[in-house]
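Visitor: Please take a close look at one part of this model, and set it against the chain as a whole.

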Amino acid sequence: MNNSESRALKKQIGERIETLERLLIGDQEGGGDDRQPDDESARMDLTISSAVNSRITLAEKQELTRLKANLLWLDSDDAGFCETCGREIPYPRLQAVPVTRLCIDCAQ
Ligand SMILES: [Zn+2]
């Protein structure tokens with residue numbers, strides 16, 4: 001990963017973090033959620049999802065945490081190298097899966 005690739009990746013991650021944080025903040029403010037499910041199973045789904053979070057899912061919260069960690073990682077000496085085997089992770093993989101710190105072999 002060269003400098004311009006690293007910059008582009010950090011920009012990509014930064015934008016994704018911004019999007020997720022906007023969802024998270026909107027959620028804490030509690031905004032108007034006027035969905036009115038008209039059957040029992042839809043009401044059940046709504047209860048489950050609002051227990052986790054109404055607009056940002058648990059998976060997205062985890063993604064946010066991992067993106068922030070990887071943003072720091074990209075500024076470190078280990079940036080772009082697999083956490084497990086130490087080989088360089090191909091840049092297209094980092095672009096496709098910006099939350100990863102593993103090469104394809106170690107991720108499997
Ligand atoms: Zn590896």
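Of the contacts in the chain with a separation of 6 or more, what percentage comes from residues 24 or more positions apart? Please go on from there to helix α3 and L72 within it.

Guide: The model is predicted, and in it 65% of the contacts with a separation of 6 or more join residues 24 or more positions apart. The chain that carries these contacts has five helices and zero strands, so its pattern along the sequence reads α-α-α-α-α. Of its 108 residues, 7% are buried.

Helix α3 covers residues 58-73, and L72 belongs to this helix. L72 has 9 other C-beta atoms within 10 Å and is therefore exposed, since the cut-off for that class is 12 or fewer. A partner from far along the sequence can be named for L72: K10 is 62 residues away in sequence, yet the two C-alpha atoms are 9.4 Å apart.

Helix α5 offers a second case to set beside this one. The helix runs over residues 104-107 and includes I104. I104 has 12 C-beta neighbours inside 10 Å, and because the exposed class takes in 12 or fewer, I104 is counted as exposed. For I104 the partner is C82, at a sequence distance of 22 residues and a C-alpha to C-alpha distance of 9.1 Å.

To return to the part requested, L72 in helix α3 is an exposed residue whose C-alpha lies 9.4 Å from that of K10.

Notes: Residues numbered from 1 in each chain as written. Predicted model: local features only at pLDDT ≥ 70, side-chain atom pairs only at ≥ 80, totals over all residues. Helix = DSSP H or I, 4+ residues; strand = E, 2+ residues; numbered from the N terminus. Buried ≥ 20, exposed ≤ 12 C-beta atoms within 10 Å, placed from the backbone. Contact = placed C-beta atoms within 7 Å.
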